[in-house]
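Here are a few friendly notes to read alongside the structure. Have the 3D view open and find each residue as you go.

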Amino acid sequence: MTRAIAVAFAALLLDVPDLAAREKAAWLTNTPVVLVSNHDSMPIFRRRVGGNTTYQLEDYAREHTEEAVRKLKEAGVTVVIVHFYKGFGLEAEREHQKKALELVSLVRKHGMRVGVYVGSTIAHETFLAEKPEAEEWFAPDYMGRPVFYSEQTFRKRVYFMHPGYREYMRRVMRMAEQEFHADLIHFDNTSMQAEPAIFQHPMAIQDFREFLRRKYSASELELRFGFAEVRFMLPPRYDRPLAAINDPLFQEWADFRCVQLSAYYAEMDALLRSLNPQVAVETNPHSGISGRNTIWEQGVDYPRLLSHMDAVWTEEGDPAGVTPDGILVSKIRTFKMAAILNNTLFVGTGGQGGNTLQMAESLAFNRQSIGDIGGLLAGYDLPEVQRRYLRFFHRNFDRYRDVENIADVAVLHSFASMGYNNDRPVVSTMLFEQALIQAKVPFDIIFDDHLKDLSRYRVLVLADQEALNEDKLKLIRQYVERGGGVVATELTSLYNEWRERRHDFGLKDLLGVEAPRYQRSRGGEQPPRIPAARKQAGRGRAAYIPEVRPAIEKPSGARMTSQYWKLPLNAAELVDTVKWAAGGQFSLEVAGAPPTVVAELMRQKTGKLLVHLINYDVARTPVLRNIRLTVQLPPAARVHSVDLITPDEDGAQNPRYEVTGGRVTFTVPRIVTYRLATIQLEGAR
Amino acid sequence: MGMLLALVLVLAGAGLSATPAPQPIATPEWLKNEPLIIVGNWDSMPIFRRRVGGNTVWQEQDYRREMSEEAVRKLKDLGVSMAVIHFYKGFGLEAEKPHIDDARRYAALLKKYGIRVGVYIGSTVAYETFLAEKPEAEQWFAPDYMGRPVFYDDQTYRKRVYFMHPGYRDYMKRVLRMAIEDFHVDEIDFDNTSMQAQPPIFLHPLAIQDFREYLSTRYPPGTLERRLGFRNTAHVLPPRYDKPLGAINDPLFQEWADFRCHQLNAYYAELAGFIRGLDPKVAIATNPHSGISGRNTVWDQGVDYPGLLPWMDITWTEEGNEAGVSADGVLISKIRTYKMATSLGKRVLTYTTGTRGGKLQMAESMAYNRQTLGMVGGPLAGFELPESERAYIRFFRDKFDLFRDVENIADVAVLHSRASMGYNNDLPWQSSMLVEQALIEANVPFDIVFDEQLGNLSRYRALVLPDQECLSDAQAEAIRRYVAGGGGLVATEQTALYNEWRERRRESALAGLFRTGGPRVIYLAEVKPAVPKPVSVPMTSQYWKLPVNWRELVAAVKTAAGGDLALEVTAPPHVTAELLEQKSARRLSVHLLNYASERHPQVENAGISLRIPPGRTVARVELLSPDQDNPPAPRHELRDGRLEVRLPQLKTYSIVVVTLK
């Protein structure tokens, strides 16, 4: 379902305006975002959760001092997310909120932006004293087990669409805006709100039936389920590992959970924007694009959810680096997802758990943000090497703002392909992206709606995007007819969006290959054993690769997380095919760099091209030399200058460059962790 | 448990006390006289396919095509003798009406072409539609078990019911009445039998009441006190327990397993009586899935084959175990299941073509089954079946005279005692399956027998008790009588060391026999597995590698049998043989199968030695095979009362037919 339909459905249940024209909060684009936060430091939480230090209260008090705040300012922090509402209840948390309010004054006094933390769970032991009817909001036991947060049994989880809960949260929002005047609302635990367990709530069951009735006519219901009766439908209670998700009710239920989560945040966003049009809204669905099927597991469909957000947090793990067995681990996919959806990514990069490599990743792939660098006491304990990165970011902020990446390639994450199968689509997509990352091919991650306009890309990659409807196939054909390239793998287009198997590939005409003979199999179908194929298709090109060959097999039903991201065995074939489909050249070509160096190409309307280079294997290879970059220039553009800067070392360099055939080439003599090459243009169109 | 006791217990069963005692059913004549070659399409109707998902876009086109006259004609041409068609999946008779109407037309078409009609009956309830039609069905459903919903496989919308609920039984009779009176079916095909009496089902409140009543009916108070330690069963609850089990010692667990078997038997006894009351010619099939495949069906599923199959003509198996030899040299077969069914006078249906089949599966069914080639595909098989498999069907039909009215000749009986196998998931299973594996691979003619047959073992030369640890005093006595009457005995490990409640004796009840039974009574301390089975897991085919001491086992069995087996085969261990007799035709036939035909497409110079019954001589020896038209007659000679035959070659399947005079 498209975002428009999601919002339309939400509007049926709620009084939600259409947010199609949502603008990102302006301050977020104008500010170098350097975050700190102290969501969890207030005593009511720390005492209840236990396992504290004896000096925790001391630290809590210190966090609220002017000295601590001043030191944050001096370190370069620009946004402070303060504790505000954890879920014990507004009455129970009143004392801490007073303290938070004092902190907010200090933060503002020192010219920093204020974000407030909003939890999604309910600490029932205090909350029920204040709001006894909240009992009705709680998710019932699931599979005979209570539904709580992590190992914190006192934090119950709620069906967030319960009117009573939403009313309460609106009260919290009003307080955040009317009393705290927050610049940013940080919603936490989004990944858990729409998990299957939550949707066993009796009201969720009713809403689900209503959703089905509204989504489908009686005859469509019959086509979908075999019958039109939805009165007795129940959400599945099922927790076994799933490979392909074929059951139509499972599929609809996943979709419904995504719709409801988006509807909830649409409502909150609308309320917040009506209270303060400049407030930034941010949420934490934890996973990002990390190989987890967030649609099924969490009811998180990023394109839908982030249409109501300015920023998104990730806690996926995946710290930048290269593992002992040679896997380049990164959050690049998540950064790319957030960027295409016009969101800023919030992520821990500094402090104890961070390092300059993670900061560099955020500088290169994020939008105007270096991430979260620690707690409220970061001003005291931030290592000098990280402070140096912060200074670099502030000093060169004009090279990070208002940027747009240049991508030759778009890799599609189709909702039905990725949401209704935990195996091959995610394996092949993650590995294809890994090949592009390590080959430094400029690419974007795109979603279904982006198929409507692919004009900025030379190639569309469909890595086992198996479940595509006729409309999408038509858009893909049109793209190729207009000169685009397409590279498809495995079972791409073999199923429709209900995961019904077609006679043959939906894109057979384009790809010129035939699907294997159909055989019903629990283990899922295998791709055809045929050679790869390339063909000219009208003005465009189409290529088919029968398999993305994993170096490390992911077990069926398991998540495609970073331990399986080792470069696929046929990475060279994948990249070579994409290059052919792109017409033989990419906008950025990097020579002399190992596959553990990555690059990102950006442009600014002010006439700059920027190439970010990161050495992911800096722990083992502290210095790399003589990396040669060739960058496609915009039509009629001339190069005014090229410079190289880095937070790792002092001073800028101006390498010699040459321009041939509309492409500029120069050499980066040395890179430690991160280097930024800036090409200043003249006469660009 | 003898048949009489079974009937008594059926009578005493919950909800059945007012029902006249049904009689174990006799096989309908047509089933004895016709080759059974079936196709099936129980899952193709749109209401099911759409709801289950994962379909093709042409699925409904196929559904229509399946029911076309052309498809039916092609089935007839193929040699199909019965089609099991969709009828009642569990969505409700109203919800399924359009498909039932389709099925009715389809049945008429099949009959027009002389193809018998079976109808599929599901055991689950697709509540999303069913409740609209029958709201009170909510009361039939099994409650959550261990906090988890009880549904079929991964199809969460198919709820499972306590089948002894009177409302459910009434509904099922309505379904059956429609099948018989409206469709005039030849066969009723019950599905999912293995799941009906699984532990979660029996947490239904009515099942709990029935269990308490069962206990108090089964045992007088004094015996109850000996059994459970107390007399009052009013507060007994079925176990909710899902940890791995080795030996099952808890008396309530044991009784609960018995009770579940008993209720399942009672249910099918009731339905069999009902069906036969409407039409005595209707054959009845059920699908307990597992067969004899190493799973403790008594505990896991409430399936006790000797108790269940008297109410059936046919049993399905979906155990897997597709015939062949695994990469690590394990000969895999369904031979045990075929032997179990044969021993109980029944037929087996299983998939014999397609991805789960092939010529070898068809051969296995021809050799070890009775008049049955199994299921050769769906209703479109007439369009799709490869020529090599069509040739097997033709062979079966052309030579049907060879397959009807047969009886196997077995020198050896291997006992599966109910208490031994039902109350222990480990050694009894491991040793029984491995002893049988040794007999299969050494081509020793054997049967699998059950408690009920202990009183009549006269046709066997030897009885094998592989760790049959739980034998009652009466059973031990029956075995002593058998030995005293000239039978041989091989026992292993802890045989008869426990009584039927798994109470340990001071020594085996057969210890005296072991000491003084003579040279044809042999006790072996261990069946040594080549691949030991982990504790409490089913003894499935990955553990069937020939036991380390298989030669010792086979030698002991031969000695116990008196050293002169009805059949001896000289061939690699991946060749198996079954010896059948047609008394009326004075014919013996030896069916030879090459289980490694994929890797070794041809076995040369296999030899068989056949005991010729006293007073008979050989009139003719023929060699038949679906792999070869008119194979040459094999070399043979009669020597010392035995016929020695040499086969020039065996591909997948050959039959040596010996006509006697």
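1. Start with the largest cavity, which is lined by 19 residues. Those nearest its centre are B:Val298, B:Asp304, B:Pro306, B:Met421 and B:Phe450. Please keep in mind that this is a predicted model.

2. How much space lies in the largest cavity? About 180 Å³. A search of the whole structure turns up 10 cavities of 30 Å³ or more.

3. Now look at which helices build the lining of the largest cavity. In chain B, α13 (297-301), α14 (305-308) and α20 (418-422) each supply at least two of its residues. The most comes from α20(B), with 3 residues. By residue type, the lining of this cavity splits into 8 nonpolar, 6 polar and 5 charged.

4. Next, turn to the place where the two chains meet. Chain A brings 33 residues to the contact and chain B brings 31 residues. Together the chains bury about 2800 Å², with 53% of it on carbon and sulfur atoms.

5. Which side chains meet in a salt bridge? Try A:Asp247 and B:Arg51, with 2.6 Å from N to O. The count between chain B and chain A is 3 salt bridges. Across the same interface there are also 9 residue pairs in polar contact, both residues being at pLDDT 80 or more.

6. Finally, see what chain B offers on the side that touches chain A. Here α3 (46-52), α7 (127-133) and β6 (155-160) of chain B each supply at least two residues, and α3(B) gives the most, with 6 residues. This side of chain B divides into 13 nonpolar, 9 polar and 9 charged residues.

Methods
Residues numbered from 1 in each chain as written. Chains lettered and ligands numbered in written order. Predicted model: local features only at pLDDT ≥ 70, side-chain atom pairs only at ≥ 80, totals over all residues. Heavy atoms only, no water. Contact = heavy atoms within 4.5 Å. Buried area = accessible area lost by both parts, 1.4 Å probe. Salt bridge = Lys/Arg side-chain N within 4 Å of Asp/Glu carboxyl O. Polar contact = N/O pair within 3.5 Å; in protein donor to acceptor, adjacent residues only side chain to side chain. Helix = DSSP H or I, 4+ residues; strand = E, 2+ residues; numbered from the N terminus. Nonpolar A, V, L, I, M, F, W, Y, C, P; charged D, E, K, R; others polar. 1 Å grid on protein atoms, 1.4 Å probe; cavity = no way out; pocket = protein on both sides within 12 Å on 5 of 7 lines; lining within 4 Å. Points joined across faces, edges and corners; volume = space filled by probe spheres on them.
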